[in-house]
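Reader: Could you take a close look with me at one unusual spot in the backbone of this model? I'd love one connected walk-through rather than a list.

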There are 4 protein chains.
Amino acid sequence: MRKIQITVIQVDCYGPWTVTPSPKPESELQILQSRLYADLQEKFSSLGGLVFQARQDNMLAISNGLTMEDHRRIQMEIVERFPVTVSMGVGCAEKPYDAQVAATLALQSTGSSRNPDRKSKLAGTTVVPPDEDWVEIVHMDVNHSTLLTDTKPIYETQLLINEILTFLMKRMLRHGGMVFYMGGDNFMAVSNGIDEKVLIEILKDLKLELGVEMKAGLGKARRAANAAKLASQALHEIRSGKSRTNIIVKCED
Amino acid sequence: MRKIQITVIQVDCYGPWTVTPSPKPESELQILQSRLYADLQEKFSSLGGLVFQARQDNMLAISNGLTMEDHRRIQMEIVERFPVTVSMGVGCAEKPYDAQVAATLALQSTGSSRNPDRKSKLAGTTVVPPDEDWVEIVHMDVNHSTLLTDTKPIYETQLLINEILTFLMKRMLRHGGMVFYMGGDNFMAVSNGIDEKVLIEILKDLKLELGVEMKAGLGKARRAANAAKLASQALHEIRSGKSRTNIIVKCED
Amino acid sequence: MRKIQITVIQVDCYGPWTVTPSPKPESELQILQSRLYADLQEKFSSLGGLVFQARQDNMLAISNGLTMEDHRRIQMEIVERFPVTVSMGVGCAEKPYDAQVAATLALQSTGSSRNPDRKSKLAGTTVVPPDEDWVEIVHMDVNHSTLLTDTKPIYETQLLINEILTFLMKRMLRHGGMVFYMGGDNFMAVSNGIDEKVLIEILKDLKLELGVEMKAGLGKARRAANAAKLASQALHEIRSGKSRTNIIVKCED
Amino acid sequence: MRKIQITVIQVDCYGPWTVTPSPKPESELQILQSRLYADLQEKFSSLGGLVFQARQDNMLAISNGLTMEDHRRIQMEIVERFPVTVSMGVGCAEKPYDAQVAATLALQSTGSSRNPDRKSKLAGTTVVPPDEDWVEIVHMDVNHSTLLTDTKPIYETQLLINEILTFLMKRMLRHGGMVFYMGGDNFMAVSNGIDEKVLIEILKDLKLELGVEMKAGLGKARRAANAAKLASQALHEIRSGKSRTNIIVKCED
C-alpha cells in the first residue's frame, strides 16, 4: 500500500516569544519566519523532501524518505542557528489529509504549542517498509496571468489568487488532498490518490465559478522533490504549447 | 492631506527565469523567494517602512519616508546579492488601495513584467510635502487560537485562516483598505481612513459568518514601522486582559 | 580634533556555547559565524559604518555616526535572529589602535567573555561633538594577482596572502593603524593619521621583503562607508591605468 | 592507498564583477562572500564534506564522498541563488597539499579566473575506488585564550592569532598538510599522513617561538564531517581535563 509521509513542523512557544519582553517589531518576525522556512526547505529538500510554508509558525512537509533520525538532525541544526526551536510530528497514510492528521496528533501528543518546556520534541512514525513511499503532486498555474499582472492593480490579482486558493483547498479536501500557494500564480497540491478525471472536473468548476482557466502538471514519484520536478516539467510542457490538453501526468519509472 | 505611500516591488521577468533552461526545483524557488523577501524587509524596515510578501514575485511595501533615491539604492543592493532584479512603482493617495493602484500604474509604465529588457526600473512619486506622510495599520489576531492549534489538524486551521483572510480582504476593500496574512493567526491591514466603528462592524460580521472572534490593535504614525509597533502594542494590551474591548487605538504624538 | 570611533563586537559566552552539550559540528559554527557577520555588516553599513570579521567571535567595526542607541538597537535585532547574543564596547581616539584599546576596555568592563550572565552588554563613548568624526581607510591589493591565481596552487597564494597580512599588520601598528584581510588579494587598513609618505615606504619595504608589489587607494571621510568608497574608487583608478603612481588619495568635500 | 579529495571552488570572474560598472560597496562584497561561503558550507557538509573559507573568492573543501554529479548540483544551486557563478577543480592524493595542487590544476585547465566565458566549469577526478577515501583533521586551540580575550586589546590578540597561523601553515606544509583559521582561537589542519609525533614537535616549537601553548585533537575518518567531529571531541576531552596530554587521537571504526 503506497503511503505519503507528512511532517508537521511547529515553532515552540512562538506566540509568547514574539511578545517577550514586549511585542517584537513585525519586520523582525517576518525576517525570522522567512529565514526559518528557507533553512528548513534547504534541509528537507536536500533529503528529497519538500516544505510548504503554510502558517509560517506551523509548516507542513512531505517527508517520504526521511527517517526519524534525519528529523532529529534537522531539529538540532535549527537550534544552532535560530533563537527558537521546532517540534515535529510525523504521520503517514494513503491520503495526504489523513497523513497530516496523524502527524498533527503525534505532535500534539508532545504537549501544547505554548508549553515552555516543550522544546525540539519529535513524535510519530515513518513509512515502513520504505518501498511503500509514494508522493503525488499537482503543480498548477493560471493561464495568461501575465496579462493580469501587466494590466490589473497588483492587489486585485492577489485577491483573485486568494479566492482560487480557497476554492482549490475546499475541493481538493473532499478527496483528501491539500493545496498550498507557492507564489506568483502557482499552486501545488499534495494529491495522492486523486486521479486526472477529478482534476479535470475541479479545473472546469473553477472556471465556471471564478472565470479563471488553469492548467496542471501531475507528478508521481517515491520522493517529494522528484514528484514536484515531474509535475513542474509536465506543467512546462503545457505552457510551451507542446500539448493541447491542460493536464499532463508524469510518473517516475 | 494625509497620504499613505505604497511601493509595488516586482521581480523582473521572473516567470521565464524559473523555467530557464528547464524548470528549476521548487525548493530552490521557495528559498530564493524567502531570502529576497527577508532582505527587502530588512532594507525597507531599516528606513521605517514595512513590506508584505503578497504574491512573492510581487510584493507590496508601505514606504512613507523613503525617497526615490532610497528605492534606487535598495534596487542596486538586490542586484549585488541575487540572480534576479526588481523593478518598483511608487504611489501615494489618501486610501491604501488607491495608492497601490497608482504604484501599479507607475510600475506598469516601465514595461511588461516579462520584458527581458526591463531591469531594476523605478517610477512613481513619493509623498510631498513630507509632513503629509501618514500610515494607519491594524494588527488583528484570532481569540483562543492556541486551542485550535493544540486540538485541530493543522491543515484545517489553515483553511480557516484562509477563509478569514478572504473575508477580511473583501470587507476592507470596500473602505479602500488592504489586508495581508502575517503568519500564525496574525493579519495586518493597511487601513488609512478606516475608523474604529467600521472595524467593530467588520469583526462582528466575521463572527457571524465564520464563527471566529478576533481582536484588533490600530496604530497611527508617520512611518509604517511605528504604526505597526503601536498596533502590535495595542493588540498586546487586549491580549494581556488590560482591556475589556476588543479594539484599542494608539496614535503617535 | 578628528577622531575615529571603533566598536568591538563580542559574542557572549561563545566558547562554552560551541561545546554545549557536546562539540557542535564545525560546519554549523562556520555557518553561524558567517551569517552573524553578514547581518552585523548589513546593520552597521546601513548606518554608514563598516565591520571587519576579525576573529569572528570578536569583530571590529568603524562606527562613526552610530549612537549608543543605534548600537543598542542592533544588539536587540541580533537577539531576535540568532541563538547567541553580542556585547559591544565603543571607543574613540585620534589613532585607530587607541580607539580599539578604549573600545576593548569598555567591553571588558562589562564582564568576562565567558561569564554566562553577561548578555547584550554595551559600554563606552561615541565621538562628541559629531563634527569631530573622521575616518581614513586604505584599500590595497596585489599587482598582477590574477597571474598567481591562474598559475600557482591556490594554497600557496594563500600562504603568501597571510605573510603580506602579517607584514602589513606589524608595520601599520607602528603608526597606530590596523589592517584587515578582505578576501581575494584585498586588504583594508584603518589608517587615521597615517600619511601617503608612510604608505609609500611600507609598500616599498613590502616589495623588498616579500617580492610583492601592491597599490593603495586612500579615502578620507566622516563615515566609514564613504571613506571605504573613496578608497576603492582611488584604487580602481590606479588599476585602470589612469595614474602612474601606486597610491591615490581621495577626500570627502 | 588512502586518499584525501580536495575541491577548489573559485568565483568566476569575481574581480571584474566587483568593480562593474563601478566599485561596489565593500560592505556588499563582504555580505555576498559570507553568504556564499555559508551556503557552500551547508551543501558540502550535508554530503559529509567541509569547506574552508580560505581566500573567500577561492575556497578549499575536503570533498571525499562527493561525486562529480554532487559538485555539479551544488554549482547549479549557486546559480539559482547568487549573482555570481563558481567553477570547481577536484583532485585527490595521499597528501592534502598534493590533492590541492591536482585540484588547482584541474580548475586552471578550464580557463582563467578572469575569463568572462568561464562559468560553472567543473574538472578533475574523485577518489576511486571509494574505499580509499580517507580524511585526517587536526583541531587545535590556544590554552587559556580567554585570559587574552579578557585582558588584552582585541587587535593585539588578532595579531598573535595571525602569527600562529603563519607558523602553523609553514610547518605543516613541510609535511604536506594545510592549515586554516576557523575563528576565535581555533585552527584546523588537513593532515593526512602527519602523525602524532610530528604534531607534538610542531606545538613544542610553537611554544618556543611564540610563547603560546596549544592543544590538538586529531580525528580520522572516511568523511571530512566525521573526521572534524572526532577531532573536536578529542580536543574537548583535553579541555575538560580528562587527559594530561595535549594531543588526543580518535579514529573512526
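Author: Happily! In this predicted model, His144(A) is exposed, because 10 other C-beta atoms lie within 10 Å, and a residue counts as exposed at 12 or fewer. On the chain, His144(A) sits in the loop that joins β6 (135-142) to α5 (145-151) of chain A. What draws the eye there is the backbone: phi of His144(A) is near 55°, a positive value in a residue other than glycine. Most residues other than glycine have a negative phi.

You can find a counterpart in chain C. His144(C) lies in the loop between β6 (135-142) and α5 (145-151) of chain C, with a positive phi near 55°. His144(C) is exposed too, with 10 other C-beta atoms within 10 Å.

Now for the wider setting in chain A. The chain is divided into domain 1 (4-132) and domain 2 (135-251), and 25 Å separate the centres of these two domains, taken over C-alpha atoms. Their contact takes 16 residues from domain 1 and 15 residues from domain 2. On the domain 1 side, β2 (50-52) and α4 (96-108) of chain A are the elements that give two or more residues, and α4(A) gives the most, with four residues. That side divides into seven nonpolar, six polar and three charged residues.

While you are looking at backbones, have a glance at chains B and D as well. The peptide bond from Val128(B) to Pro129(B) is cis, with omega near -10°, and Pro129(B) lies in the loop between β5 (122-124) and β6 (135-142) of chain B. In chain D, the bond from Val128(D) to Pro129(D) is cis, with omega near -10°.

Terms used. Residues are numbered from 1 along each chain as its sequence is written. Chains are lettered from A and ligands numbered from 1 in the order in which they are written. This is a predicted model: local features need pLDDT of at least 70, side-chain atom pairs count only at pLDDT 80 or more; totals for chains, interfaces and linings use all residues. Domain bounds come from an automatic or database domain assignment. Two residues are in contact if their C-beta atoms, placed from the backbone, lie within 7 Å. Ala, Val, Leu, Ile, Met, Phe, Trp, Tyr, Cys and Pro count as nonpolar, Asp, Glu, Lys and Arg as charged, and the others, Gly among them, as polar. A residue is buried if 20 or more other C-beta atoms lie within 10 Å of its own, exposed if 12 or fewer, and partly exposed in between; C-beta atoms are placed from the backbone.
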